[in-house]
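Let's take a walk through this structure together, one pair of side chains at a time. Have the 3D view open as you read.

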Amino acid sequence: MNATASAYELLELARASAYTLPEGFGGFSADLELYLDGSWHRGRVVARTPGDIELHLAVGRAEPSLEDLLEWPRRELASMLAHRSPRPFAQGEGQYPMRVTGEGPLGTRVELEDPLRSALWVQEGRVRVVERNFPASSFRIHLHAYAEAGARHLPAHFTVTHRRADGSLEAVESFADAYAEVAGVWLPERRQVVRHDEQGLSVRELRLSRHRLLG
């Protein structure tokens, strides 16, 4: 088997072992607890698709504007839904040429000839590192631990390193995720993000409970 074929198979199998939402998934609703800027806020979320997320929070007069509060949880929930959406491998990363470029403690490095000049490290059938490059920035995700989701798995703890175009460090974020199984569907239950940047240390967290499937 040539290097291109082995890289494709390696990455395809790793992606296939990750949990995805079922076909026809109609979304979910849940109670929401949100920690931002040193305060807890409570409300409700209805999430149908990454682009269709309703958030309702109670905001006091002395607190930040409602839209400022909603921006972060909406972005995080959209990201989680998008990354769990089922998509044929051949229509995603599999559409680009790829090759194995190295082996090491983090697994096998696979480089893609995609617009983001992506590189991924695969170890024991799971993705361990993901690197993406943009014109003005780049990021690297190091997946430290996974949670079992039936016969598949979901990321439980990962670190994201953000860099500027010149390679200088912009920020480091540590993510801790937890999930709840509802009628055989694994939904987000908690996400905590600890961020270190030039402004110092910040902590944000969202918690979801009393999930209900829609549709």
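One cut-off helps from the start: a residue is called buried when its relative accessible area is under 20%, exposed when that area is over 50%, and partly exposed in between. Keep in mind, too, that what you're looking at is a predicted model.

Let's begin with charges. Side chains of opposite charge can pair when their charged atoms come close. In this model the count of such salt bridges comes to 20. A good one to find is Arg 48, which forms a salt bridge with Asp 52, with 3.8 Å between the closest N and O atoms. Arg 48 has a relative accessible area of 33%, so it counts as partly exposed. Asp 52 is partly exposed as well, at 30%. Now look at Glu 54: this residue also makes a salt bridge with Arg 48, and here the closest N and O atoms are 2.9 Å apart. Glu 54 has 32% relative accessibility, which means that it is partly exposed too.

Next, move along the chain to Arg 190 and Glu 205, whose side chains meet in a salt bridge of 3.2 Å, N to O. Why does this pair tie together parts that are 15 residues apart in sequence? Because Arg 190 sits in strand β11 (residues 185–197), while Glu 205 belongs to strand β12 (residues 200–213). Are the two partners buried or exposed to some degree? Arg 190 is partly exposed, with a relative accessible area of 28%, whereas Glu 205 is buried, at 5%.

Stay with Glu 205 for a moment. Its side chain and that of Arg 190 are also joined by a polar contact of 3.2 Å. If you set aside the neighbours within four places in sequence, Glu 205 is in contact with Glu 33, Leu 34, Tyr 35, Trp 40, Trp 72, Arg 190, Arg 191 and Gln 192.

Some of those names lead us onward. Arg 191, for one, is part of a network of salt bridges that links it with Arg 75, Glu 76 and Asp 177. Trp 72 takes us to helix α2, where it is one of the buried residues, and Glu 76 is listed among them as well. Others in that group include Leu 69, Leu 70, Leu 77 and Leu 81. Does the length of α2 fall where it should, and what span is expected? Helix α2 covers residues 66–84, and at 1.5 Å a residue its 19 residues should span 27 Å; the end C-alpha atoms are 27 Å apart, so the two agree.

Last stop: the aromatic rings. A pair of rings is described by the distance of the centres and the angle of the planes. There are four aromatic pairs in the structure. One of them is tilted, because the rings of Tyr 35 and Trp 40, with centres 5.1 Å apart, have their planes at 55°. Tyr 35 is partly exposed at 23% relative accessible area, and Trp 40 is partly exposed at 35%. In another, Phe 158 and Phe 175 have ring centres 4.6 Å apart and planes at 10°, so this pair is stacked. The pair links distant parts of the chain, 17 residues apart: Phe 158 is in strand β9 (residues 152–164) and Phe 175 in strand β10 (residues 169–182). Phe 158 is buried, with 9% relative accessibility, and Phe 175 is buried at 7%.

Technical notes
Residues numbered from 1 in each chain as written. Predicted model: local features only at pLDDT ≥ 70, side-chain atom pairs only at ≥ 80, totals over all residues. Heavy atoms only, no water. Salt bridge = Lys/Arg side-chain N within 4 Å of Asp/Glu carboxyl O. Buried < 20%, exposed > 50% of the residue type's maximum accessible area, 1.4 Å probe, protein only. Helix = DSSP H or I, 4+ residues; strand = E, 2+ residues; numbered from the N terminus. Expected span 1.5 Å × (residues − 1). Polar contact = N/O pair within 3.5 Å; in protein donor to acceptor, adjacent residues only side chain to side chain. Contact = heavy atoms within 4.5 Å. Phe/Tyr/Trp six-rings, centres within 6.5 Å; stacked < 30°, edge-to-face > 60°.
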